[in-house]
Every structure is written in C-alpha cells, then in structure tokens.
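Colleague: Hi! Could you walk me through how some labels in this structure are justified?
Modeller: Gladly, let's take them step by step.

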Amino acid sequence: CSDHNTIIARIHRASPEVIQEAIKGSLAVRAEWEQLSFEHRAAVFLKAADLLSTKYRDEVMASTMIGQGKTVFQAEIDAAAEACDFYRFGVKYANDIYAEQPEHHAQYVWNRIEYRSLEGFVAGIPPFNFTAIGANLGATPAIMGNVVLWKPSETAALSNYTVFRALREAGMPDGVVNFVPAHGPVFGDTILSSPDLAAISFTGSTQTFDTLWKGVASNLDKYKTYPRIVGECGGKNFHFVHNTADVANVICGTVRSAFEYQGQKCSACSRLYVPQSIWSEVRDGLVRAIEEIKVGQPEDFTNFMSAVIDERSFDKIASYIEHARNSDEMQVLAGGEVDKSKGYFIQPTLVQTTNPHSKLMVEEIFGPVLTAYVYSDEEWSSVLDLVNSTSPYGLTGSIFAQDRQVIETGLKKLRHAAGNIYVSDFACTTIITINAKSTGSVVGQQPFGGARRSGTNDKAGASSYLARFTSIQSTKECLLYLDDWKYDHMK
C-alpha cells in the first residue's frame with residue numbers, strides 16, 4: 001500500500017472445490033479435537049502466543065508494517081501484543097467458562113454443565129486492519145473445541161499466514177484451523193450453502209455483514225443447526241468536548257484517534273463536537289499538529305502515518321475530501337492533499353462543517369479525515385442528543401470534560417451511542433495511564449464491540465465472545481432411584 005512496486009506475497013485464491021475440501025477436512029477431525037482435554041488445546045494457543053512474541057515477533061511485525069501500512073508502534077501493539085493477548089486471555093476465559101457450574105443441587109441430585117463445541121464448522125472472516133483480529137477470528141473459537149475456516153483479508157494475508165504458521169508450529173493438528181485465502185463472494189457463497197455451517201465470526205463493513213446475514217436467512221432450512229452470527233462492523237465515532245475539558249488533552253487525544261494508522265481503525269474518531277468558547281484554541285492546536293505529522297514509508301520510524309490500504313480505499317477517501325472542498329457547508333482547514341503515484345498516501349485532513357448532519361458527519365469514511373462541528377456552549381446538553389442521533393452506528397466515543405455533572409449526563413444520554421466509551425475528567429495530560437481517545441481498547445481491560453449498525457456487540461477480548469462458540473448441555477443426575485410413580489399427595 002505504500003509502494004506499488006513492492007510485492008511481498010502471492011496469494012492463491014481457493015476455489016469452491018478447495019473450500020469444500022477444507023470443510024470436509026475440518027469436519028473429519030472435529031470430534032477428536034473437541035474430545036481432546038482442554039489443557040492440551042490450551043497448550044497449543046499458549047505456545048503459539050509465546051512463539052509470536054519471540055521467534056515470529058519480527059516477522060509478524062514486518063509483514064504487518066509492509067503489507068498493511070502500519071508504523072512500527074502500531075504494528076507492535078497489534079501483531080506482537082494484542083494477537084498474543086487474544087490467545088492467552090482466550091485460554092483464561094475458556095477456563096473461566098468451563099468452571100461455571102450450577103451452584104445449587106436438590107437433595108439426591110447432582111447438576112452439571114457440559115460446554116460442547118458447535119456442531120459444524122466456524123467461518124472466521126477478519127479485516128485487513130488488525131493482524132490480531134485475524135488471529136482472533138481465525139483461530140480462537142478452536143479453544144472451545146471448534147474447527148475453523150479462516151479466510152484472511154487479501155491485503156493482510158501475509159501477516160495472518162505468519163500467525164497461522166506459529167499455530168502450526170505450536171502443535172495445531174491438521175484440519176482444526178484451515179487457512180483459506182479466497183475471493184470474498186466465492187468464500188461467502190460456499191460456506192453459506194453448506195449445511196454444516198455452525199457460526200460466522202466477522203469483522204468488516206456493515207454492508208458485507210448484511211449480505212452474510214441475509215445469506216444465512218435465505219438458507220435456514222438447509223442448516224443442521226441455527227448458525228451463530230457474530231459481527232463487528234463500522235463506526236462513526238465521536239469526541240464530544242465540553243468547555244471544562246483540558247484543551248491540550250483534547251488535541252493530543254483527537255490527533256491520535258483520528259490519524260494514527262491513517263484513520264483505518266473501526267474505532268477512529270471522525271466527528272468532533274467542540275464548544276465555541278474553546279474552538280479557536282482546539283482548531284489551532286489541531287492544525288499545528290497536522291502540519292507536524294510526517295507521512296511516509298512505515299520503515300521510517302519518524303513517520304506518524306503511512307499509506308492507506310489500497311486504491312479503492314484511496315479513491316473513496318479522496319472523494320469525501322473533494323466533496324468537502326466543493327460544499328458551501330464545509331471548509332478544509334488543514335491537510336487534504338492526496339497522492340497515489342507511488343503509494344496510496346493521504347495527508348491528515350481537518351474539516352469544519354456548519355451542518356451537523358452533513359455527509360462527512362454521518363457516513364463512515366475509514367480514512368484520515370476528521371470533521372468538526374462547533375456548537376454554542378450553553379447547548380451542550382442538546383448537542384449530546386445530536387451526537388446520539390446523527391449516525392446509524394454505535395461503536396466508540398469519548399467525552400472530554402471535568403464537570404462531573406456533564407460526564408454523568410453524557411454517559412446517560414450516550415448510553416446506546418457507543419459500545420465502548422472513554423471519559424477524560426481531569427486536567428493533567430502527563431498521566432498516560434488514562435485513555436480518553438476513542439481508540440485503544442485492550443484485551444482483558446476494555447472488551448471491544450458495538451451495537452446498532454456497528455455489530456452484535458459480543459465483545460472481542462472477553463469471555464462473552466468465546467461463549468458464542470459453545471453449545472451448553474445441562475445434565476441432571478439422580479442419585480436416589482424412584483420406587484413408586486405416585487406422588488405423596490396421591491396416597
């Protein structure tokens with residue numbers, strides 16, 4: 001994405017016949033894998049995590065940087081950290097799930113719960129933007145005894161394959177996790193037509209998720225079991241700023257959220273609400289930061305940004321910037337330059353709009369474009385309603401304020417506006433342990449996912465995600481036998 005002339009991998013797309021072979025192979029080993037003791041399944045994932053953080057660390061980071069356009073920092077927190085976290089915490093959460101057993105037993109009765117794998121195969125369909133999501137969707141359902149078909153994003157295939165190699169070296173048996181690069185519609189049509197489809201775990205566009213969901217619905221009478229559908233989709237994420245907020249904290253957090261990894265995070269801030277009284281200070285600070293941001297090749301460690309993922313994405317983002325330039329309601333305050341002569345480079349862009357329902361405030365762009373709306377200070381409460389109702393999505397958002405009443409009101413009014421919400425309520429910007437921007441969820445700390453048109457909110461990075469890939473069987477064992485069919489009141 002940062003250099004058209006650099007080829008880092010060749011991908012062989014699986015045909016429908018090859019995908020069917022993968023389904024057949026996974027089903028052949030499903031029973032054996034499910035019946036393997038949990039500690040042995042867990043050992044595979046724990047070893048894979050250790051391999052990713054040691055032997056494969058440089059390779060998985062390099063493939064993420066060159067293949068997906070991440071800076072060294074972004075690659076580190078993704079491929080070399082979060083991917084390992086998904087496996088290690090996945091084992092921990094699976095152990096917690098298995099330990100959850102009935103607390104109450106009637107006299108002469110022993111109750112217990114069996115957590116079975118799903119009866120069929122799981123289709124894992126991750127996006128390009130996080131190697132860790134590939135690691136999670138493509139393999140973690142197997143912790144619960146499932147078999148998985150992992151279809152990587154073509155623009156992240158090399159980094160995902162590196163993770164797959166670590167799993168194989170860690171002892172993942174043949175057929176349990178099947179790495180199946182394929183053209184999206186071919187893979188989708190093939191799995192949707194299989195009677196053995198047991199679940200889909202997807203991260204990507206809302207439109208693609210809609211297509212998969214409709215495909216499941218149209219094939220319901222074919223399936224041996226109702227497929228579980230897990231999805232994390234788009235977002236139109238917000239930073240709401242109150243006049244009691246610390247301006248420096250707002251500027252720094254917003255720059256990072258909107259522009260790191262070129263705004264290609266599902267959680268990236270793309271709409272900003274700022275009160276009139278501090279707008280000039282916020283605006284000038286954002287413009288200065290944008291002017292300082294270096295954009296270039298990922299191997300240059302002084303760069304904050306690199307290229308967007310591909311030409312299709314480039315053209316889409318550029319069209320939004322052009323729309324802003326031609327609109328009477330919007331003004332491009334900083335950035336806006338685009339160049340795809342060598343790589344798909346787009347400069348960080350700040351737009352101001354007078355219409356809070358303008359196209360750039362409503363639609364997901366998935367690029368380094370931030371649109372700001374300035375409101376009258378006294379209208380902050382009604383603006384919270386505006387934030388809640390503007391977008392069909394409900395993924396992430398942030399509240400910047402020091403007034404506890406404002407924070408409480410914001411959390412109540414934005415209760416359903418975001419699946420992950422971040423609060424900054426103090427003025428000390430030197431405290432780096434507090435994350436106020438709308439990006440940066442951590443496995444085991446802030447489980448990630450949104451509702452509304454942002455997905456099913458099953459929360460990757462929590463036990464609730466793994467619970468979607470198990471089928472519970474309740475067992476009641478009577479320890480005292482009946483010697484009469486009549487109840488006492490009948491005698």
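Colleague: What makes the contact between the side chains of Glu477 and Arg112 a salt bridge?
Modeller: This is a predicted model, and in it the nitrogen-to-oxygen distance between Glu477 and Arg112 is 3.0 Å. A salt bridge needs a side-chain nitrogen of Lys or Arg within 4 Å of a carboxyl oxygen of Asp or Glu, so the pair qualifies.

Colleague: Why can we say that Glu477 and Arg112 tie together parts that are apart in sequence?
Modeller: Glu477 sits in strand β18 (residues 471-478), while Arg112 belongs to strand β1 (residues 109-116), so the pair links parts that are 365 residues apart in sequence.

Colleague: Why is Glu477 called partly exposed?
Modeller: Its relative accessible area is 31%. Partly exposed lies between the 20% and 50% cut-offs, so the label fits Glu477. Arg112, with 27%, is partly exposed as well.

Colleague: How do you know that Lys265 forms a salt bridge with Glu260?
Modeller: The closest N and O atoms of Lys265 and Glu260 are 3.2 Å apart. The limit is 4 Å, so this pair counts too.

Colleague: And what makes Lys265 count as buried?
Modeller: Lys265 has a relative accessibility of 6%. Buried means under 20%, so Lys265 meets the rule. Its partner Glu260, at 5%, is also buried.

Colleague: Why do Asp284 and Arg283 count as a salt bridge?
Modeller: Their side chains meet at 3.1 Å, N to O, and that is within 4 Å, so the rule is satisfied. Asp284 is partly exposed at 33%, and Arg283 is partly exposed at 26%. Elsewhere, Arg57, Asp58 and Glu76 are joined into one network by salt bridges that share partners. By this rule, the count comes to 22 salt bridges.

Colleague: Let's turn to the strands. How do you know that strand β2 (residues 121-125) and β3 pair?
Modeller: They are joined by four bridges in the parallel sense. Pairing requires at least two bridges, so β2 and β3 pass. In one of these contacts, Ala123 has Leu149 in β3 as its bridge partner. Between the two strands the chain passes through helix α5 (residues 131-139), in a right-handed β-α-β crossover.

Colleague: What makes β3 and strand β4 (residues 177-179) a pair?
Modeller: Three bridges join these parallel strands, and at least two are needed, so they pair. Trp150 stands opposite Phe179 in β4. Together with helix α6 (residues 157-169), β3 and β4 form a right-handed β-α-β unit.

How values were computed. Residues numbered from 1 in each chain as written. Predicted model: local features only at pLDDT ≥ 70, side-chain atom pairs only at ≥ 80, totals over all residues. Heavy atoms only, no water. Buried < 20%, exposed > 50% of the residue type's maximum accessible area, 1.4 Å probe, protein only. Right-handed = clockwise from strand over helix to strand, strands pointing away.
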